[in-house]
Amino acid sequence: MKNPKKINFIELSNFFPKQIEALKQSQNYKYLLYGGSMGSGKSRWLRWACLYYLLYYSAKYGISPFIGLFCRSYKELEDRHLKYVRAEFPDWLGRFNEAKTEFHLKPEYGGGILSFRNLDDPSKYFSAEFALVAVDELTQIPFEVFKVLVTRLRFPPITDTKFIAATNPIGEYFLWVREIFVEK
């Protein structure tokens, strides 16, 4: 694959300063949790951060990476991401495949795939490989599901795979998230 075209991602994403800072911090850590109150742009940051890493990995490694963005249910994926991807991501950059619920970058931008998936049965991802795993509303998933997802962080030759998540400061599984991401 030839080198993908360069774009100004911060300009394209139209991130707020806190979202820019979160993206910069994600570059420094393998695991990052972006938290905040309802309506603060966490879900938008998450999908655009996934797009950033599709472009980044394509440019750095010269491959077409596969990234997974997960929500607890398909309805939550639709409400938080799918309807927005159709409107926000520019047509010149790629296309949304409705049947597969995936956004495919055009070859000139690396050809990577952002796959939108639900967590109704995490065992269906046992053989999957992702360059990046993103979870929206991490406090809604059990720790056991988190453990399954992090075992899927492998996409040779990418050596700097990432796990990023967004969440409100509440949720059924708040305690394990706090223990792992705040107290440690």
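In this predicted model, C50 touches I67, L69, L114, L132 and A134, leaving aside residues up to four places away in sequence. C50 is placed in helix α3, and with a relative accessible area of 0% C50 is buried. One of its contacts, L69, lies 19 residues from C50 in sequence, while the C-alpha atoms of C50 and L69 are 7.6 Å apart in space.

**The sheet**

Helix α3, which spans residues 42–61, packs on a sheet and touches β1, β2, β4, β5, β6 and β7. That sheet is open, has 7 strands in the order β1-β7-β6-β2-β5-β4-β3, and shows mixed pairing. Because β1 (31–35) and β3 (94–97) stand at the edges with a single partner strand each, one side of each of these two strands is left without a neighbour in the sheet. From one strand to the next the twist averages 15°. The direction of α3 makes about 165° with that of β7.

The strand pairs below are those for which both the sense of pairing and the number of bridges can be stated, each with one pair of facing residues where available.

| Strand pair | Sense | Bridges | Facing residues |
|---|---|---|---|
| β2 and β5 | parallel | 6 bridges | F70 and R117 |
| β2 and β6 | parallel | 4 bridges | L69 and A134 |
| β6 and β7 | parallel | 5 bridges | L132 and K162 |
| β3 and β4 | antiparallel | 4 bridges | N97 and E102 |
| β4 and β5 | antiparallel | 3 bridges | F103 and L114 |

Several residues in the table recur in the surroundings of C50, since L69, L114, L132 and A134 are among the residues that C50 touches. Of these, L69 has A134 of β6 as its bridge partner, and L114 of β5 is the bridge partner of F103.

**Strands β6 and β4**

How many residues of β6 are buried? The count is 5 of the 5 residues, so β6 is largely enclosed by the rest of the structure. The side chains divide between two directions, with L132, A134 and D136 pointing one way and V133 and V135 the other way, and all of them are buried. Beyond its pairing with β2 in the parallel sense, β6 also belongs, together with helix α5 (residues 143–150) and β7, to a right-handed β-α-β unit.

In β4 both faces are covered as well, for E102 and H104 on one side and F103 and L105 on the other are all buried. The strand forms a hairpin with β3 in which 4 residues lie between the strands, and T101 in that hairpin takes a positive phi near 45°. The bridge from N97 to E102 also links β3 to β4.

**Helices α3 and α4**

Helix α3 also packs against helix α4 (residues 74–88), at an angle of about 60° and with the two axes 11 Å apart. Angles that are neither under 35 degrees, nor over 145, nor between 65 and 115 count as oblique, and α3 and α4 are therefore oblique to each other. The crossing in which α3 passes α4 is right-handed. From α3 the contact is made by S43, R44, R47 and W48, and from α4 by R80, H81, Y84, V85 and E88.

**Backbone features in the loops**

Two residues other than glycine in loops have a positive phi, and they can be set side by side. N14, in the loop between α1 (9–13) and α2 (17–28), has phi near 60°, whereas E137, in the loop between β6 and α5, has phi near 65°. Are these residues buried or exposed? At 57% relative accessibility N14 counts as exposed, while E137, at 9% relative accessibility, counts as buried.

The loop between α5 and β7 holds P157, and the peptide bond that leads from P156 to P157 is cis, with omega near 10°. This loop therefore falls within the stretch of chain that includes the right-handed β-α-β unit made by β6, α5 and β7.

Terms used. Residues numbered from 1 in each chain as written. Predicted model: local features only at pLDDT ≥ 70, side-chain atom pairs only at ≥ 80, totals over all residues. Heavy atoms only, no water. Pairing = 2+ DSSP bridges. Axes fitted to C-alpha atoms, helices over the stretch in contact; angles between N-to-C directions. Contact = heavy atoms within 4.5 Å. Buried < 20%, exposed > 50% of the residue type's maximum accessible area, 1.4 Å probe, protein only. Right-handed = clockwise from strand over helix to strand, strands pointing away. Left-handed = near helix turned anticlockwise from the far one by under 90°.
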